[in-house]
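Please examine the structure shown below. The explanation that follows takes up a pocket and then a helix that contributes to its lining.

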Amino acid sequence: MEMKKRINLELRNKAPEEVTELVLDNCRCVNGEIEGLNDTFKELESLSMADVELSSLARLPSLNKLRKLELSNNSISGGLEVLAEKCPNLTYLNLSGNKIKDLSTVEALQNLKNLKSLDLFNCEITNLEDYRESIFELLQQITYLDGFDQEDNEAPEASEEEDDDDGDEDDEDEDDDEAGPPEEYEEEEEEEEEDDDDDEAGSELGEGEEEVGLSYLMKEEIQDEEDDDDYVEEGEEEEEEEEEGLRGEKRKRDAEDDGEEEDD
């Protein structure tokens, strides 16, 4: 698909001045030049034209708000001075996979005062001796070259920065949790603890009552056995007394009978 048609497709019925991001990757340039892109895209902040057979930036429109420009895997070999003129506020520029060979070509980027990240990966210039030291010396405004700073620290990805922001929000939520539960929650906890204490006390009391009841029953059984023994003993004593009484009366009668016989 040609670049002009691709731009119309990407607009999706929006006016060019409403678009802040435009991705035109893998479309086709006619004669290696930009087509269909003009000054009406004045709000554009991010533009990607990777692998579009681009060889010239001469027809790049003025995009004063553009911050990020992707031009990887094209055939650009020079003419970079146009960038400082048309896109003076660029902070990120990707020229990897192009035909940039020497430092003099890159020197034109010195006028991009806000440029922080430059990518020249897979360009012939990277084969130069002391390539990284030379670029950092030539473009002192940049922080990252091919994704790393001068101390070989990797550049943060946009997604990682977003994750960091989310992490900060999560930390805030954790801090709120550590600050303690609301008062209503504390009151509910206290009520639950009181109920638990009452339940425990009730269960202990119930156990105590069971123990008292068992001991009482055991005492009653023992007492009943003792009463039965006493009753048996009392009955035996009464029987013995009756038998003695009967024996006494018998002896008395026998004595009387003997007396009567002697009188005769």
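**The second largest pocket and helix 1**

In this predicted model, the second largest pocket has a lining made up of E10, L11, R12, K14, E18, V19, T20, E21, L22 and V23. The space within this pocket amounts to about 150 Å³. Sorted by class, its lining residues comprise five charged, four nonpolar and one polar.

Two secondary-structure elements, helix 1 (3-11) and strand 1 (21-23), each provide at least two residues of this lining. Strand 1 accounts for the largest share, with three residues.

Helix 1 may now be considered in its own right. Its residues M3, R6, I7 and L11 are buried. These four lie on the same side of helix 1, because they cover an arc of only 140 degrees around the axis. The spacing along the sequence follows a general rule: an α-helix has 3.6 residues a turn, so residues three or four places apart point the same way.

The other side of helix 1 presents K5, N8 and L9, which are exposed. As for the buried residues of helix 1, strand 1 is included in what covers them. Strand 1 thus appears in two settings: it helps to cover those buried residues, and it supplies three residues to the lining of the second largest pocket. L11, one of the buried residues of helix 1, is also listed in the lining of that pocket.

The residue that follows helix 1 is R12, with a positive phi near 50 degrees. R12 is likewise among the residues that line the second largest pocket.

Notes
Residues are numbered from 1 along each chain as its sequence is written. This is a predicted model: local features need pLDDT of at least 70, side-chain atom pairs count only at pLDDT 80 or more; totals for chains, interfaces and linings use all residues. Side-chain values use heavy atoms; hydrogens and water are left out. On a 1 Å grid over the protein atoms alone, a cavity is a set of points where a 1.4 Å probe fits but cannot get out, and a pocket is an open set with protein on both sides within 12 Å along at least five of seven lines; lining residues have an atom within 4 Å of a point. Grid points are joined across faces, edges and corners, and a volume is the space filled by probe spheres set on the points. Ala, Val, Leu, Ile, Met, Phe, Trp, Tyr, Cys and Pro count as nonpolar, Asp, Glu, Lys and Arg as charged, and the others, Gly among them, as polar. Buried means under 20% relative accessible area, exposed over 50%, partly exposed in between (1.4 Å probe, protein chains only). The arc is that of the directions from the helix axis to the C-beta atoms. Contact means heavy atoms within 4.5 Å.
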